[in-house]
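Work through the exercises below with the sequence and the structure open. Try each task before reading its solution.

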Amino acid sequence: MSILTFDFMRRALLAAVLMGLAAPAVGTFIVQRRLALLGDGIGHVALTGVAFGLLTSTSPILTAVIVSVFGAIAIELLRSRGRTGGDVALALLFYGGIAGGVLLTNLAPGGDTGSLLSYLFGSISSVSSRDLYVVAGLAVAVVAVIAIFGRELFLLCQDEEVARASGLPVRFLSLLLAVTAALTVVVAMRVVGLLLVSALMVVPVAAAQQLTRGFRTTVGVAMVFGVLSAVGGLYAGYQRDLSPGPAIVLIALALFVVAVAGRSLIRTLGVRPGPGMLRRARANGRGARHPRHESTTPASARSDAEATSR
Amino acid sequence: MTPRKPPVFAMTGGEARLDGRLVLRGVDLRVPAGEVLAVLGANGSGKSTLVRALLGLIPLSGGRTEIYGVPAARFRDWRRIGYVPQRLTVGGGVPATVREIVSSGRVARQSRLRPASRADRAAVDRALAAVGLAGHGHHSAHQLSGGEHQRVLIARALAGEPDAFVMDEPTSGVDAASQAALAGTLRALIGQGRTVVLVAHELGTLEPLITRCIVLDDGRVAHDGAPPKPVGEHALPGHDHVHPHGPAVPDGGPLGTWDRT
């Protein structure tokens, strides 16, 4: 492919694949924990980190790592402390992050907010080889955390109290997940941009869970969707000279629509999942695979299932 | 070995607040090993708060509570405890198979870097069989009815092979088949000498298995001893105690179904 003849394209492609793997892997846990907006919050805070790098003429990626890790810890602490003010606290960080980012950039020598644009929406050509080393290191760290702590994080995200009553270090794991999300945001920042980072953590997961029955398979399918979107969006961006971030996110959304359509197709043709599936499977022998058997569900069993699903 | 085994749970003068409101008002409770204790009471009487405080999930604002003789905050031997929460806390949109959820009950016994061992898988198989879900491990938990879901949560606690179980409303909103499965599971546990603390609105089919009952009233223990005889409508001959209760209002509804004696 001619796309690979350019050094910067090879670097961007590698960064995109790493991002496509890391973001949905972390995202599955974040979505399960009902923290889908966490990535957005960290993304906004990371902007201040980028601006700090521009101001001090150090690597914006490194300053973004530091500031977004602190931001993630702050968000997690606010979340676990107060149960009421959590969303307001998140909002404060959102606005503080954006305002801080713009203000610091204005203060930078010769800095105008235009230089922030490539961080907000991603930019292929700006991935330097030093950036790539940092991104690759972070991506490996993120995937390693998921591989090593996945079992514990799964229980944490299922039910925090059960996790505590199972002896898991709940506070440590919560902070670990938040910090891992922060690293993921920085991994994705160069390619997809800070304002759209969270989409890569949420949309492939939403698409995958249309088609899967298990958590592990959801993580796997979401990572496949993540890589497909990242590489596809990057290629489209290269071909048509578009910003890669929006192209990547739109491809992820298109995959979501296809997955929803695929799910309803599967449902019409085969298994029709619903409450009380096991009981129906038993009542009907193995015939629960046909929707027409639905009508044979005893009315009492059905009203019970409906009563309890409230 | 110490000459006298400490009780599984021991609370002295337990006081707890939720959002500033005093929910437990001086509860003294000792649960020796092997006991099958039912915690009854009207909605809002503090049943859930009591069992969560016993586990140290809610910090006490007064008094103290110990698990196996260790203050709850410092207790570390969690593999001895199996907690079955109220079903409504199961959330999040990501699918998980029945087997994945039940396997997560082994986490206190596993090391981080090693994959699930043969013993882990065997324990999960036993737990699934014990609640009547053998062969259904590959189903998505989202497709289950309320009663089936409850059995999955019980199987998760069983998979950890603990000595003591704490179950919060395991029978609420559960269909007759699942109630029967639950009674069978409990009977087997009691036969093995395990300790069970369970919160219930009413005992129903579980009544013969219970060795001791406490009834909470406004955060205080109003009755402690044998299961009290039901009165009123519930005591009428044709009343069979199987009607399901919606889990929508955990402990906040104005009316309880427990008729106080």
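**Exercise 1. Chain composition**

Along its sequence, chain A reads α-α-α-α-α-α-α-α-α-α-α-α-α. The model is predicted, so local features need pLDDT of at least 70 and side-chain atom pairs count only at pLDDT 80 or more, while totals for chains, interfaces and linings use all residues. Residues are numbered from 1 along each chain as its sequence is written, and chains are lettered from A and ligands numbered from 1 in the order in which they are written.

Task: state how many helices and strands chain A and chain B have.

Solution.
- Helices (H or I, at least four residues) and strands (E, at least two) are DSSP runs, numbered from the N terminus.
- Chain A has 13 helices and zero strands.
- Chain B has five helices and ten strands.
- A residue is buried if 20 or more other C-beta atoms lie within 10 Å of its own, exposed if 12 or fewer, and partly exposed in between, with C-beta atoms placed from the backbone.
- Buried residues make up 49% of the 310 in chain A and 48% of the 261 in chain B.
- Two residues are in contact if their C-beta atoms, placed from the backbone, lie within 7 Å.
- In chain A, 72% of the contacts with a separation of 6 or more come from residues 24 or more positions apart.

**Exercise 2. A helix inside chain A**

Task: find how many residues of helix α9 (residues 197–208) of chain A are buried, and which helices they pack against.

Solution.
- Twelve of the twelve residues of α9(A) are buried, so this helix is largely enclosed by the rest of the structure.
- Among them are Val197(A), Leu200(A), Pro204(A) and Ala208(A).
- They pack against α1, α2, α8 (170–192), α10 (215–240) and α11 (244–269) of chain A.

**Exercise 3. The nonpolar core**

Task: name the residues with the most contacts inside the largest nonpolar core, and the helix that gives the most to it.

Solution.
- A nonpolar core is a set of buried Ala, Val, Leu, Ile, Met, Phe, Trp, Tyr and Cys residues joined through C-beta atoms within 7 Å.
- The largest such core has 164 residues, and Met19(A), Ala46(A), Val186(A), Val187(A), Leu200(A) and Val39(B) have the most contacts inside it.
- Helix α1 (residues 7–32) of chain A gives the most, with 14 residues.
- Beyond its neighbours within four places in sequence, Met19(A) touches residues including Val187(A), Val191(A), Leu200(A) and Ala230(A).

**Exercise 4. A helix crossing**

Task: describe how α2(A) and α8(A) cross, and which residues meet there.

Solution.
- Axes are lines fitted to C-alpha atoms, for helices over the stretch in contact, and angles run from 0 to 180 degrees between N-to-C directions.
- The two axes come within 9 Å and cross at roughly 65°.
- From α2(A), Leu38(A), Gly39(A), Ile42(A), Gly43(A) and Ala46(A) meet Ala181(A), Ala182(A), Val185(A), Val186(A) and Met189(A) of α8(A).
- The contact residues comprise eight nonpolar, two polar and no charged. Here Ala, Val, Leu, Ile, Met, Phe, Trp, Tyr, Cys and Pro count as nonpolar, Asp, Glu, Lys and Arg as charged, and the others, Gly among them, as polar.

**Exercise 5. The sheet in chain B**

Task: give the strand order of the six-stranded open sheet in chain B and identify its edge strands.

Solution.
- Two strands pair if DSSP finds at least two bridges between them.
- The order is β6-β7-β8-β3-β9-β10, with mixed pairing.
- The edge strands are β6 and β10 (220–225) of chain B, each pairing on one side only.
- The twist averages 15° from one strand to the next.
- At one edge, β6(B) and β7 (residues 164–168) of chain B pair in the parallel sense over four bridges, and Val84(B) has Met167(B) as its bridge partner.
- In β6 (residues 81–84) of chain B, Ile81(B) and Tyr83(B) point one way, Gly82(B) and Val84(B) the other, and all are buried.
- Helix α4 (residues 146–159) of chain B lies across β6 and β7 of chain B, at about 170° to β6(B).
- At the other edge, β9 (residues 212–217) and β10 of chain B run antiparallel with five bridges, and Val215(B) stands opposite His223(B).

**Exercise 6. Positive phi**

Task: where are Arg34(A) and Asp218(B) found?

Solution.
- Most residues other than glycine have a negative phi.
- Arg34(A) has a positive phi, near 60°, and is found in the loop between α1 and α2 (38–56) of chain A. Arg34(A) counts as exposed because it has 12 C-beta neighbours inside 10 Å.
- Asp218(B) has a positive phi of about 50° and sits in the loop between β9 and β10 of chain B. With 14 C-beta neighbours inside 10 Å, Asp218(B) counts as partly exposed.
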